[in-house]
Each structure stands twice: as C-alpha cells, then as structure tokens.
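Open the model in your viewer, with a cartoon display and the option to show side chains. The stops below say what to select next and what can be found there.

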Amino acid sequence: MNAMPNDGADLLTRYGEAFMATYGPPQRVFVKGKGSYVWDVDGKRYLDLLGGIAVNALGHAHPAWVKAVQDQAATLAHVSNFFTTPEQVALAERLLEISGAPEGSKVFLCSTGTEAIEAALKMARRAGKTEFVALEGSFHGRTMGALAVTHKPAAREPYGPLPLETNFVPVNDEAALAAAFTPDTAALVLEPIQGESGVRPLTDAFLAEARRLCDQHGALLIVDEVQTGIARTGVWFAHQSHGFRPDIMALAKGLAGGFPIGAVIAYGPEVAGVFSKGDHGTTFGGNPLACAAALATLDAIEQEGILENVKAVGEHIREVASAIPGVSGVRGEGLMLGLALEKEIAVEAVPAALEAGFIVNAPRPDTIRLIPALNLTAEEADTFLDWLKGYLAKEGT
Ligand SMILES: *Cc1c(COP(=O)(O)O)cnc(C)c1O
C-alpha cells in the first residue's frame with residue numbers, strides 16, 4: 001500500500017480507474033477545510049461558496065460540530081431502529097419545534113434527500129390516490145420515485161418507465177397548476193426556490209394557489225426544502241417567509257452540517273398517522289451519530305446568530321453583485337443566490353473562478369450559484385465579488 005503516491009495527478013488517475021463515470025473527472029483533490037476555506041492536495045486555498053452543495057452549513061471543521069461528532073462516535077454511533085437514543089428523540093422534538101408544526105405532527109428520519117422525498121411520496125400513495133403534480137425545472141433526487149417527480153429530461157428519460165404518473169406544470173403559472181389537478185391527484189411536490197435548475201423562486205401568489213388547490217382537491221402539499229431548509233434563506237425553512245404551511249416537508253443537505261441525514265415532517269395528526277408499523281423504514285435513519293451532528297448544527301445556528309448573518313450577508317452580496325457590470329440581476333433569498341449574467345458565460349466562469357481560488361457552480365449557462373456556509377462573512381464574499389467584477393470586465397459585458 002505504501003507504494004501508492006498521493007500527489008494530485010496520481011489520485012485523479014486512480015479515481016478514473018476506480019470509479020464509475022457518474023460525476024465526470026473531479027476538478028480538484030481536497031485534503032482539508034476550515035470555516036469557508038478548503039485546501040487542495042498541492043496546498044492551494046479556495047473560498048468555498050458551494051458549501052458541498054448547501055451541505056456545510058457551519059463551514060468546515062466547526063469546533064462545536066467536530067466535538068459533538070467525536071464525542072458521539074466515542075459513545076454510541078449506531079443502534080437499530082428497534083431501539084431509540086436520547087439524540088434521536090431530541091432531534092425529532094427540535095425539528096417539530098423549529099418547524100412550528102401543529103400538535104400531532106411527526107418526524108421520520110433517513111440519510112439523504114432523495115430518501116426523504118421517497119418517504120413523502122410513499123406517504124402520499126399510502127393515503128390512497130395515485131397521481132402527482134410537479135413543476136418544470138424541479139429536482140427532487142435520483143431514486144426512481146424522486147426521479148418520477150424530477151423534471152430534467154436528461155436525468156429521467158434514460159430510466160423510463162418511471163413508477164409514478166406525474167403532470168409537470170410551468171413554474172408560477174397558476175392556471176396551468178389548476179388544470180393539472182385531477183380527482184386522482186395524491187400530492188403536489190415543489191421546491192419554494194428551485195435549486196438545481198438555477199435558483200428560481202416561486203411567487204407568493206403561486207404558492208398560495210398551490211395550497212388552495214391541494215385543499216380543494218384533497219391532495220397533499222409536499223414541500224421539498226432539502227436545499228432551501230435549515231436557515232439557508234434566513235429563516236429556518238423557506239416556506240415560513242411565504243405564508244403557507246405544507247402537509248409534508250422533506251429535509252436533508254444542511255441539516256447535519258456535513259453528516260449524511262434526511263428528515264420528513266408530517267404536519268398534523270392525519271398526515272402523521274399515514275404510516276403504520278412496517279410501512280416504511282431504513283437502517284441508518286436517525287442513528288445517534290447523525291442526530292448528534294444535526295443537533296450541534298441547529299445549536300450553532302441558534303447560538304451564533306446565523307439566521308441574522310444569512311440575511312445580512314445575503315443582502316450585502318445582492319447589493320454588491322447587482323452593481324457589477326455584466327450581472328443582470330440576483331435571484332434567490334438569504335445565502336441561496338443565483339447571479340444572473342448578461343452573457344451565457346457561467347459555465348466558463350466556473351473553472352476560471354476555481355483557478356483564482358473560488359468554488360462556485362453554474363446550474364445554468366447564464367447563472368452562477370452561491371450556496372456557501374451560513375456563517376460566511378461579507379469580507380469573504382467580497383473577495384469573490386471583486387474577482388467576478390474583474391472577470392466580467394474582461395469577458396462578460
Ligand atoms: C439535493 C436535492 C435533493 C436530493 O438530495 P440527495 O441527498 O442528493 O439525495 C432533493 N431535492 C432537492 C431540492 C435537492 O436540492
């Protein structure tokens with residue numbers, strides 16, 4: 001084994017030989033992180049504005065998170081769901097509290113976003129009806145059920161026939177939404193701000209109509225807050241600042257600050273009672289290590305003023321970015337932002353930014369997405385915005 005060198009080029013070759021092609025060739029080999037910075041194998045530092053795709057809520061190696069995970073690993077890492085642990089109970093209670101879910105609401109824990117969606121879809125089917133409504137541009141995960149409500153043709157088409165019948169509706173088109181419901185509609189699934197299709201917010205009018213139509217047709221409103229949840233938009237859950245209540249909410253990504261976890265909250269006793277013993281389950285769901293990581297993340301968000309930071313730094317980025325020539329607008333809320341470019345050069349800007357020491361991504365050819373750690377500072381953000389200004393002065397206007 002010790003014959004294996006660990007330089008970057010060699011690791012990338014070995015990666016290509018060992019791994020399936022799903023993600024394409026990795027752009028860098030990273031070896032450590034601290035706060036909003038990561039370092040590659042050659043010792044070069046990068047400002048991480050992608051946050052592991054909205055996962056590293058507290059940045060890298062946050063001391064309280066590290067201590068909680070270390071202590072829990074040394075105490076009790078996993079038991080089966082024949083049993084429970086103090087960490088598991090505490091996390092479910094905490095999620096019910098911060099979600100403001102009504103009396104009788106309940107939680108299911110799993111390990112990823114797609115699994116949380118899968119559980120939500122199964123709950124909707126278990127309630128009796130069979131059809132689904134979802135939105136054009138949606139992304140809900142890669143397992144077969146989640147894929148059936150994911151719109152992106154490249155992701156779904158190779159895998160048909162998919163297991164759910166889904167009507168897709170253009171975002172923010174209330175008339176089309178109303179027309180998509182049938183007596184067989186089990187649920188409408190939506191992201192309050194679509195992430196993977198380029199940071200596309202839904203309007204309050206559309207969200208209100210979604211709630212009304214679900215009530216009218218006896219369908220469940222499943223809100224996918226896998227990306228928008230856990231303080232990402234400056235409130236605990238994005239739907240809370242848009243005045244409507246879901247029937248089911250799916251969470252994952254930032255919830256445990258880098259530890260794999262997913263969660264489903266069923267609002268009210270009727271939805272919460274859909275699953276009976278044996279109806280659903282998963283081996284890793286809610287193990288004490290994952291729950292300790294999540295509790296440490298939620299504690300830090302509360303104790304370190306992170307909700308306020310998300311609002312303030314998000315607003316700062318919006319103001320500064322909007323004034324950069326070549327930026328046509330800024331979409332999103334809090335620290336889930338899409339910088340819209342006048343020219344379709346976002347895909348080329350990403351490797352240029354990486355070369356300059358900034359990690360961002362381009363969900364669309366005209367959009368750079370920022371979903372950094374929630375404790376990013378304005379000064380850190382400014383270093384990227386300065387670079388972007390220079391880049392766009394050369395390439396983008
Ligand atoms: C990432 C994401 C998912 C899927 O989560 P995984 O953990 O990758 O399975 C689902 N919905 C949304 C909105 C996401 O951003």
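**First stop: a loop aspartate**

Begin by selecting Asp-247, which sits in the loop between strand E10 (220-224) and strand E11 (248-251). Keep in mind throughout that this is a predicted model. Although Asp-247 belongs to a loop, its relative accessibility is 8%, and it therefore counts as buried, the cut-off being under 20%. Show the side chains around it, and you will find that Asp-247 touches Arg-211, Ala-219, Leu-220, Leu-221, Ile-265, Ala-266, Tyr-267 and Val-271, when residues up to four places away in sequence are not counted. With Arg-211 there is a polar contact between the two side chains, at 2.9 Å. Ile-265, another of the residues touched, is 18 residues from Asp-247 in sequence, while their C-alpha atoms are 8.2 Å apart in space.

**Second stop: helix H11 and the cysteines**

Next select residues 288-303, which make up helix H11, and measure from end to end: the end C-alpha atoms are 22 Å apart, in agreement with the 22 Å that its 16 residues should span at 1.5 Å a residue. Is this helix enclosed or open to the outside? Of the 16 residues of H11, 13 are buried, so the helix is largely enclosed by the rest of the structure. At its N-terminal end, look for Asn-287, which acts as a cap through a side-chain oxygen lying 3.0 Å from the backbone nitrogen of Leu-289. Beyond the helix comes Gly-305, which has a positive phi, near 65°.

Now colour the cysteines, bearing in mind that a search of the whole structure finds 0 disulfides. For Cys-110, the nearest cysteine sulfur is that of Cys-291, 11 Å away, and Cys-110 is in no disulfide. The same distance, seen from Cys-291, is too far for a bond. Cys-110 is buried, with a relative accessible area of 2%, and Cys-291 is buried as well, at 0%.

**Third stop: the sheet E13-E14-E17-E16**

Move on to an open sheet of 4 strands, in the order E13-E14-E17-E16, whose pairing is antiparallel. Strand E13 (327-333) and strand E16 (361-364) are its edge strands, each pairing on one side only, and neighbouring strands are turned by 30° against each other on average, direction ignored. Within the sheet, strand E14 (residues 336-341) and strand E17 (residues 367-370) run antiparallel and are joined by 4 bridges; select Leu-339 to see Ile-368 of E17 standing opposite.

Two helices can then be added to this view. Helix H13 (residues 346-355) lies across E14, E16 and E17, running at about 170° to E16, whereas helix H14 (residues 378-395) lies across E13, E14 and E17, at about 15° to E14. H14 has 18 residues and reaches 25 Å from its first C-alpha to its last, close to the expected 26 Å. The buried residues of H14 include Phe-384, Leu-385, Trp-387, Leu-388 and Tyr-391.

**Last stop: a sheet with mixed pairing**

Finish with the open sheet in which 4 strands follow the order E1-E2-E3-E15, with mixed pairing. Strand E1 (30-34) and strand E15 (358-359) stand at the edges with a single partner strand each, so one side of each is left without a neighbour in the sheet. E1 pairs with strand E2 (residues 37-40) in the antiparallel sense over 4 bridges, and selecting Gly-33 shows Val-38 of E2 opposite.

Note on methods. Residues numbered from 1 in each chain as written. Predicted model: local features only at pLDDT ≥ 70, side-chain atom pairs only at ≥ 80, totals over all residues. Heavy atoms only, no water. Pairing = 2+ DSSP bridges. Axes fitted to C-alpha atoms, helices over the stretch in contact; angles between N-to-C directions. Contact = heavy atoms within 4.5 Å. Expected span 1.5 Å × (residues − 1). Buried < 20%, exposed > 50% of the residue type's maximum accessible area, 1.4 Å probe, protein only. Polar contact = N/O pair within 3.5 Å; in protein donor to acceptor, adjacent residues only side chain to side chain. Disulfide = S-S within 2.5 Å.
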